[in-house]
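I opened the notebook today to record what I could look up about the chains of this entry. I wanted to keep to what the coordinates give and to write it down in order.

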Amino acid sequence: MRSPEAIVCAGLGRRFGERDALAGLDLAVQVGETVLVTGPNGAGKTTLLRILATVLRPSFGRVAVAGHELPARAADVRREVGYAGHDPLAYPDLTASENLELYAALYAVPEARVAEELDRVGLDGRRGDRAAELSRGMLQRLALARVGLHRPSIVLLDEPTAGLDADGRDVLRRFLAEPGRTVVVATHEPEWFGSLGGRVVAMTSGRLAA
Amino acid sequence: MTHTARLDRATAATLAAAALMAAAVALIFFYVPSDVDQGYSQRIFYFHVPIALTTYTLFAWGAVNAARYLWTGREDLDLKSYVPMHLGVIFGSLTLVTGSIWAHISWGTWWDWGSRELNTFLIIFLFYCAYFMLRFSVEPGARRSRYSAVYALLGVGLIPLSVLAVRIAQDALHPVVFRSNGVNMDGSMFFTFCVALAAMLSLALSMYLVEMRGKRLDERLAQLRRLAREAA
Amino acid sequence: MSARALRALVRKDLLVELRGREVVPSMAVFVGAAFVLFRFGLGGTDLAGGTRAATGMLWVAIVFTALVGLSRSFAHEREGRTWDGLLAAPVDRALFWAARTCSTFLFLAAVQAVALPAFWLFFLQEHAGPSYPVLIAAVLLADVGIACLGSLLAGLASSLRAREVLLPALYLPFSIPLVLTAVRVTTDTIPPQTGGFDTLGRLGFLALYDTVFALLGWALFEYVVED
């Protein structure tokens, strides 16, 4: 049975050494909902996204994504989730399309999707350029193309507007507007996302701000 | 409640170790007959071999708990894996020292590169020293526990391979001249050996229990400090 | 396990190396310099210790060269922080280990293709040629073992601050049984010595070594990368 919530966190925590980056977070995200997570640097936004993306294990508390408990069912979650981290997660020595071909193979999607996605984010003219030669905004677009490759039902974006120009923002807006998608965005400019009708959630020191 | 129970267990093991050790020393020096070939000094065998076997037992124990840690993720198993390894290195050093003394007495050299047992042990000892380096270069936490457990389990692969490699590398190259003595033991020798082994094992056990208690206290103290800091 | 994903990961490593040229040239220079150093160390004109010393030195050099390469394993994943992208993908973690093992093996074999002839030239040129099938089998089997264990330990060390000093300390105890055996096999390939049946047994040992660490690497790598 699938729960109607795309994401459920209950008392979720993550410890780094002596410090709790997340300290008992409660959050539920409905299927199809867009949630904007805001908060000062060090509030735990990135830690939260990394746990939801299954790249970081929770230290305590409960978390379920797409109805699967983490970390036990991480393998089931990974197909459902697309994650664009704070860093572009691209190999600088590989070209834009080589980077995506690697991920196409990892996600077992047809190689033809690579060209489609590069088109969609407006990078079709730069597909043969090495990632090292792309600007920060271009790398953000490349990250969006990577996230879209396997058509995830849940999308996690960490500061996606950073360094993005006006055209890039249009790409991002179109990406987020695709129906049926659950989106969690960590951002410092929630007002920009306002038109998308997202719910704003504020975090401080590893918890939801009261 | 559990605390007193643990206290009793550690005390009991220490008492048993003390009694057995006294008995073993008495047997070794006053009861067991001297070896026909090697004479009085062969008595170090009753220290060396039980210490070596205890070392292996400690390493095996550490590895079993490492596997259990990776399997279950239970935090207490990390310490239960680390403490035997730590004691294993102490007993391992003693094995090398007693082995070297024995080699000097019976073969006239401090270290014999033709001895399979000594050489195998040396490889394994190096491995466990590296385990310590690893352990001390990672900050305490889940990652350190995982890395230590992974490395400890690699040792399970290394030990039989070292035994085998030392054996097959030497067969053609260097015929084994020295065989470990005491293979043919009479009843009194075997009895002494068993008591000495029991003494070493119970010594290791009591050290384990005492150290575990110390580590648990350390942890509790760290926890209290954290709570105090948070409250302040 | 997905063959396509494995292929893609190995291709990634090879492309990065081809364009960045970070690992293989350094390994080649290192092994060459090590040969020269050992040659002078063992005596410039007269080779002290004969073929035994030379083959022993060869394998010590190979192990250290492998360590030079291994220290850059996962460097891109760490420095470019691409681990998060790989770890979020729906593939078994062991696949990352398998891919790194393959590329390490290829790098090692590439360096040896140059280093072994150089070795013969520097140390054994007055000898007749070795028994090639046995020598190649021994080298490749040893490379597999080095790569299997090395990529696991490199993954472990890569996230630690002291990685450069720690990796050799973690790896070297494991290289002892490998070197012990490989030296014997290599010595036996040089005429007139022949190991015969013993050689076969020692090759078998190398294969066993590979199997043990392939299984352990496969099983344990997920505990190394997950955080």
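These entries take up a hairpin in one chain and then the overall build of another.

Before anything else I noted that this is a predicted model, and I read every value below with that in mind.

Entry 1, the hairpin in chain A. I looked up how strand β1 (residues 5-16) of chain A meets strand β2 (residues 19-30) of chain A, and found that the two run antiparallel and are joined by nine bridges. Within this pairing, I found A:Gly13 standing opposite A:Ala23 in β2(A). I then turned to the link between β1(A) and β2(A), where two residues separate the strands of the hairpin, and A:Gly17 in the turn shows a positive phi of about 60 degrees.

Entry 2, the elements of chain C. I counted nine helices and zero strands in chain C, and reading from the N terminus on I wrote the order down as α-α-α-α-α-α-α-α-α.

Entry 3, the dimensions of chain C. I checked the radius of gyration of chain C, which is 18 Å, and this agrees with a compact globule because 227 residues would give one near 17 Å. Along the principal axes, the C-alpha trace of chain C spans about 55 × 35 × 30 Å.

Entry 4, the interior and surface of chain C. Of the 227 residues in chain C, 55% are buried, and among contacts between residues at least 6 apart in sequence, 80% join residues at least 24 apart. The accessible surface of chain C comes to about 8700 Å², with 68% of it belonging to carbon and sulfur atoms. Finally I tallied 17 positive and 17 negative side chains in chain C, and noted that the centres of the two sets lie 5 Å apart.

Key
Residues are numbered from 1 along each chain as its sequence is written. Chains are lettered from A and ligands numbered from 1 in the order in which they are written. This is a predicted model: local features need pLDDT of at least 70, side-chain atom pairs count only at pLDDT 80 or more; totals for chains, interfaces and linings use all residues. Side-chain values use heavy atoms; hydrogens and water are left out. Two strands pair if DSSP finds at least two bridges between them. Helices (H or I, at least four residues) and strands (E, at least two) are DSSP runs, numbered from the N terminus. The radius of gyration is taken over C-alpha atoms; the globule rule is 2.2 Å times the number of residues to the power 0.38. Buried means under 20% relative accessible area, exposed over 50%, partly exposed in between (1.4 Å probe, protein chains only). Contact means heavy atoms within 4.5 Å. Accessible areas come from the Shrake-Rupley method with a 1.4 Å probe; for residues, only the protein chains shown count as cover. Lys and Arg count as positive and Asp and Glu as negative; His and the chain ends are not counted. The place of a charge is taken as NZ of Lys, CZ of Arg, CG of Asp or CD of Glu.
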